[in-house]
Amino acid sequence: MTTDIGQPTPQFGTAEYVGTSGGDHCHFCHQPIAGAYYRIKDVMTCSSCAEKMRGAFAPDTHSAFVRAIIYGVGAAILGMILYATFAIVTGIVIGYAALAVGWIVGKAMIQGSGGVGGKRYQIIAVLLTYAAVSTAAIPVWIHYAGEHRQKTTSSQRQTSSSSEQGADSDELQGTPSKERPAFLTAMGTLIALGLASPFLEFTSNPMGALIGLVILFVGMRFAWRFTAARGPEIFGPFENSPQLPR
């Protein structure tokens, strides 16, 4: 019995693609990939399909990010004002308002960016949501402090004489430069206390503080989800090395 050495034995355990250098195909158009390729969600794609995918979504540019921040800051200020106004008017602090603040901030940032999202947008949205909800305590404190001061001083008001007014005016002439650092220090302290307010409540009402933090976290989660990337992440290009002939 003779055997033809020139005929190779078929390899049934190895898949071979005819007409391709490396046997790789685009996951979307199924065309062979011989050169550079990209990856979208762990699948290979050709350069053409990657460009089409990028064109289907708004590009993430520096100007889009700046606009998103501006819109987000404005929305955070609006959310803080609404939160504080509701608490002052009704006398009730409702933690569920944090959900609305997260929604407002997230929607505003996406509108400002033109539909672009991503990790850096999400981080800014979460920080703005926390800042808006926590610092809403500051105008509430100022309001109640003013009411308390007005009640305690209303019975002690007396008309000042002209000489006392003159003395006061002389003293005030040298105070602005001294009062400015004190004012800035007081404002810095007030802002720091406002940012820490969700945790300071544990000293007086631990259970209420815990519930408030959970609701605040959900509101921050809303902002995070709204500002997520709208399209899949595209990685590459990578160089597709052709298989060496066996």
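Contacts in this predicted model reach a long way along the chain: among those between residues at least 6 apart in sequence, 70% join residues at least 24 apart. The chain is built from 8 helices and 3 strands, and reading from the N terminus the order is β-β-α-α-α-α-α-α-α-α-β. So much for the layout; next come burial and surface. Of the 246 residues, 25% count as buried. The chain exposes about 16,800 Å², with carbon and sulfur atoms supplying 62% of that area.

On the inside, the largest nonpolar core holds 27 residues. The members that touch the most other members are Val101, Val105, Met109, Tyr121, Val133 and Leu216. Four helices each give two or more residues to this core, namely H2 (62–90), H3 (97–113), H4 (119–135) and H8 (206–226). H2 puts in the largest share, with 8 residues. Apart from this core lies another one, made up of 6 residues; Cys26, Tyr37, Met44 and Cys46 are among them.

Tyr121 deserves a second look. Once residues up to four places away in sequence are set aside, Tyr121 touches Asp60, Thr61, Ala64, Phe65 and Ala68, along with Met109, Ser113, Val116 and Thr227. One of these partners, Met109, also appears with Tyr121 on the list of core residues that touch the most other members.

Helix H4 also carries Ser134. With a relative accessible area of just 1%, Ser134 falls under the 20% cut-off and therefore counts as buried. Leaving out neighbours within four places in sequence, the contacts of Ser134 are Gly194, Leu195, Ser197 and Pro198.

What about empty space? Rolling a probe the size of a water molecule over the atoms shows where such space is left. Over the whole structure, the search turns up 1 cavity of 30 Å³ or more, and the volume of the largest cavity comes to about 30 Å³. Its lining consists of Tyr83, Phe86, Ala87, Ile92, Val93, Ile94 and Ala97. Sorted by class, that makes 7 nonpolar residues, with no polar and no charged ones. H2 gives the most to this lining, with 3 residues, and H2 is also the helix with the largest share of the largest nonpolar core.

The segment before strand E1 (36–40) has a couple of residues worth picking out. Gly23 is found there, and at a relative accessible area of 17% Gly23 is buried, because the cut-off is 20%. Gly23 and Ala34 sit 11 residues apart in sequence, while their C-alpha atoms are 8.3 Å apart in space.

His30 has its place in the segment before E1 too. Unlike Gly23, which is buried, His30 is exposed, with a relative accessible area of 56%. The backbone of His30 stands out as well: phi is near 65 degrees, a positive value in a residue other than glycine. Most residues other than glycine have a negative phi.

Notes: Residues numbered from 1 in each chain as written. Predicted model: local features only at pLDDT ≥ 70, side-chain atom pairs only at ≥ 80, totals over all residues. Heavy atoms only, no water. Core = buried A, V, L, I, M, F, W, Y, C linked by side-chain atoms within 4.5 Å. Buried < 20%, exposed > 50% of the residue type's maximum accessible area, 1.4 Å probe, protein only. Contact = heavy atoms within 4.5 Å. 1 Å grid on protein atoms, 1.4 Å probe; cavity = no way out; pocket = protein on both sides within 12 Å on 5 of 7 lines; lining within 4 Å. Points joined across faces, edges and corners; volume = space filled by probe spheres on them. Nonpolar A, V, L, I, M, F, W, Y, C, P; charged D, E, K, R; others polar. Areas by Shrake-Rupley, 256 points an atom, 1.4 Å probe, with all protein chains shown as cover.
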